[in-house]
Amino acid sequence: MKTLISGGTVITAIDTVKADVLIDDDTIIAIGAPGTHNWADEAETVIDATDKYVVPGGIDPHTHMELPFGGTYASDTFESGTTAAAWGGTTTIVDFAVQVKGESLIDGFDTWMAKAAGNCAIDYGFHMIAGDINEQSLADMDVLINRGCTSFKLFMAYPGVFYSDDGEIFRAMQKAASNGSMIMMHAENGMVIDILREQALERGETDPVYHSLTRPAATESEAVHRAIVLAELAGAHLYVVHMSAKEALDEIAEARDRGLPVFAETCPQYLFLTLEEHLASEGFEGAKYVCSTPVRKEAEGHQEALWRGLETNDLQVVSTDHCPFCMDDHPVLGTQKRLGVGDFTKIPNGLPGVEDRFQLIYHGGVVEGRISLNRWIELTSTAAAKLFGMYPKKGTIQVGSDADIVVFDPGVSWTKSAAGHHMDVDYSAYEGKHVQGRVETVLLRGKVIIDGDEYLGETGDGEYIARDTVSIDH
Ligand code: URP
Ligand code: ZN
Ligand code: ZN
């Protein structure tokens with residue numbers, strides 16, 4: 001069954017060309033100058049992309065569907081979260097399977113595979129959160145690589161929950177260096193943060209804004225520095241997740257300038273939200289923006305530094321860290337953000353974004369003149385495919401790649417609102433924001449799953465992606 005996308009401008013991380021794209025079943029089989037062939041005769045479906053961009057489907061390498069956190073669960077299931085992702089132009093996620101203390105890595109992985117299987121609207125893979133590093137966990141890292149899980153997240157934050165000490169981190173890094181996997185790091189000094197939180201509460205500082213004020217930039221930059229030193233000693237590839245502080249980004253830039261295989265991502269919340277305007281909102285409203293690392297003070301210049309890092313490739317990826325919790329009671333999960341009324345340390349950490357990212361980065365990046373069209377695609381799709389072992393099956397438009405394609409209309413402007421989104425959460429972190437450019441059509445391996453205002457996919461369209469080990473060094 002053949003599909004033709006005709007008359008559009010095809011944008012990849014390296015090229016911008018007017019071209020037609022021919023798909024056979026789930027694969028791109030030809031790309032050619034418009035009007036120089038008779039592909040329309042052989043195609044059962046023709047999608048007119050005149051005046052539109054034809055781009056690779058977004059890849060979000062950092063989501064947390066159904067994550068247990070702070071006494072509740074992230075409100076999006078694999079079904080609702082991946083459907084919302086599709087609406088936003090994302091055709092692949094890499095979520096995080098969780099190993100809890102006392103559990104084996106393999107059991108944690110199997111549990112998360114079972115949650116996702118048959119429930120995803122788009123393709124999915126897993127990183128593994130290693131929450132209990134011991135001899136068996138280290139041996140199991142090799143087993144998981146053979147099952148397509150080639151990256152492991154460790155936490156320098158959240159003592160008593162996901163936290164690993166430096167020795168455990170170093171052992172895992174040595175293992176990663178020997179088996180070619182990627183170490184992903186939540187880099188915040190959790191021990192120091194816990195003391196600052198305790199002292200804030202003792203002073204009666206209980207509002208959501210204290211979440212950020214008790215996680216100063218130095219707690220992030222110190223941890224990033226330490227992670228780099230440990231990774232260099234171990235000879236491991238390092239990918240630092242959800243970067244928010246300019247001082248932490250300086251550490252990444254310095255390591256990359258020395259040629260180390262060190263990579264990093266940021267997320268829309270750090271590029272668009274601020275402590276002053278959002279986290280410090282009246283009453284308990286700021287809880288909507290509680291995540292870790294935290295949203296920081298605009299006056300300190302973090303946002304400009306992060307955008308500059310995206311432009312200069314000190315940062316390689318924009319993910320979401322999608323981890324939504326409702327402000328008012330969730331129909332099934334009950335109280336979520338409001339668990340932290342009167343005590344900011346009890347607010348579940350995380351916010352929604354999987355549906356927002358692709359279009360927000362187009363608006364803030366391309367429309368507002370910070371990055372090129374090609375860099376938009378590199379940051380939201382191609383780089384993640386390369387870093388996490390999915391390229392060129394995913395992350396580009398070329399012959400032989402999966403036909404994960406978005407037809408994007410740069411001419412539409414619209415206003416973001418929870419009233420129109422598909423994530424299972426009762427607020428939008430970007431409520432009322434006007435953006436230019438909108439996802440029009442989404443193909444997942446050749447199947448049209450979004451067509452304008454219509455969802456044409458089915459639960460279970462998404463397939464598990466067994467990923468390769470990391471193949472790039474810089
Ligand atoms: O606030 C966050 N980031 N929640 C999700 C868990 C994590 O640390 O990534
Ligand atoms: Zn994290
Ligand atoms: Zn996360």
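**Notebook: the two zinc sites**

I started with the distance between the metals: the zinc ion (ligand 2) and the zinc ion (ligand 3) sit 3.8 Å apart. Worth keeping in mind that this is a predicted model.

*Entry 1, ligand 2.* I looked up which protein atoms hold the zinc ion (ligand 2), and found K153 through NZ, H186 through ND1 and H242 through NE2. These donors are 2.1 to 2.3 Å from the metal. Along the chain I read their spacing as K-x32-H-x55-H. Next I checked where two of them live: K153 is in strand β11 (residues 151–155) and H186 is in strand β12 (residues 182–186), so this pair ties together parts 33 residues apart in sequence. Are K153 and H186 buried or exposed? I get buried for both K153 and H186.

*Entry 2, ligand 3.* Here the protein donors are H62 (NE2), H64 (NE2) and D321 (OD), and I read distances of 2.0 to 2.1 Å from the zinc ion (ligand 3). The sequence spacing of these donor residues is H-x1-H-x256-D.

I then went for the geometry. Why is the arrangement around the zinc ion (ligand 3) irregular? The four donor atoms subtend angles of 86 to 141 degrees, and a tetrahedral call needs all angles between 85 and 135, so the arrangement goes down as irregular.

Last, I traced H64 and D321 along the chain. H64 is in the loop between β6 (58–63) and β7 (68–69), while D321 is in the loop between β15 (317–318) and α13 (357–367). The pair links distant parts of the chain, 257 residues apart. I noted both H64 and D321 as buried.

Terms used: Residues are numbered from 1 along each chain as its sequence is written. Chains are lettered from A and ligands numbered from 1 in the order in which they are written. This is a predicted model: local features need pLDDT of at least 70, side-chain atom pairs count only at pLDDT 80 or more; totals for chains, interfaces and linings use all residues. Side-chain values use heavy atoms; hydrogens and water are left out. Donors are N, O and S atoms within 2.8 Å of the metal (3.2 Å for Na, K and Ca); water is not among the atoms, so sites may look incomplete. Helices (H or I, at least four residues) and strands (E, at least two) are DSSP runs, numbered from the N terminus. Buried means under 20% relative accessible area, exposed over 50%, partly exposed in between (1.4 Å probe, protein chains only). Four donors count as tetrahedral if all angles lie between 85 and 135 degrees; four count as square planar and six as octahedral if opposite donors are over 155 degrees apart and all others between 65 and 115; anything else is irregular.
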